Amino acid sequence: MFGIGMPELILIFIVALIVIGPKKLPDIAKAMGRALGEFRRATDDIRENFDLASLDHKPQSAPSTPQPSSPGTAPEAPTVTDQKKAPETDQ
């Protein structure tokens, strides 16, 4: 994670312990943990909103056009799903 190994974390902890002091270090660590959790929740919320917005505005794909058949083959017959039903009229 971020290229920080165990020796680097121990060094950071020792420096923080010397600079801040043993009485204030737990309070600062707790505040940093809460801030990191809040940041993570906010970024997850933004990511979720962005994903939902991108799904809403997804461009519709154009209907596929049939590829022309090669000169030596017969064209394929349309399937039932390709044929459109004519509207029924009462006579």
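In the predicted model, the side chains of Asp44 and Arg47 are joined by a salt bridge, with an N to O distance of 3.4 Å. Both residues belong to helix 2, where Asp44 and Arg47 are separated by three residues, about one turn of the helix. The two partners fall into separate accessibility classes: Asp44, with a relative accessible area of 39%, is partly exposed, whereas Arg47 has 52% relative accessibility and counts as exposed, because the cut-off for that class is over 50%.

A further pairing involves Arg41 and Glu38, whose closest N and O atoms lie 3.3 Å apart in a salt bridge. Here too the partners are both found in helix 2, and Arg41 and Glu38 are three residues apart, about one turn of the helix. Arg41 reaches 53% relative accessibility and is therefore classed as exposed, while Glu38, at 47%, remains partly exposed because this value lies between the limits of 20% and 50%. Side chains of opposite charge can pair when their charged atoms come close. By the rule applied, the count of salt bridges comes to two.

With regard to the overall fold, the protein chain contains two helices and zero strands, helix 1 spanning residues 6-20 and helix 2 spanning residues 25-56. Of the 91 residues in the chain, 2% count as buried, that is, have under 20% relative accessible area. The accessible surface of the protein chain amounts to about 9,400 Å², and carbon and sulfur atoms account for 63% of this area.

Empty space at the protein surface was also examined. Rolling a probe the size of a water molecule over the atoms shows where empty space is left. The largest pocket has a volume of about 270 Å³, and its lining draws on both helices, with helix 1 and helix 2 each supplying at least two residues. The lining of this pocket consists of Ile4, Leu9, Ile12, Phe13, Ala16, Ile20, Leu25, Ile28, Ala29, Met32 and Gly33. In terms of residue class, ten of the lining residues are nonpolar and one is polar, and no charged residue takes part in the lining of the largest pocket. The polar member is Gly33, because Gly is counted in the polar class.

Terms used
Residues are numbered from 1 along each chain as its sequence is written. This is a predicted model: local features need pLDDT of at least 70, side-chain atom pairs count only at pLDDT 80 or more; totals for chains, interfaces and linings use all residues. Side-chain values use heavy atoms; hydrogens and water are left out. Helices (H or I, at least four residues) and strands (E, at least two) are DSSP runs, numbered from the N terminus. Buried means under 20% relative accessible area, exposed over 50%, partly exposed in between (1.4 Å probe, protein chains only). Accessible areas come from the Shrake-Rupley method with a 1.4 Å probe; for residues, only the protein chains shown count as cover. On a 1 Å grid over the protein atoms alone, a cavity is a set of points where a 1.4 Å probe fits but cannot get out, and a pocket is an open set with protein on both sides within 12 Å along at least five of seven lines; lining residues have an atom within 4 Å of a point. Grid points are joined across faces, edges and corners, and a volume is the space filled by probe spheres set on the points. A salt bridge is a side-chain nitrogen of Lys or Arg within 4 Å of a carboxyl oxygen of Asp or Glu.
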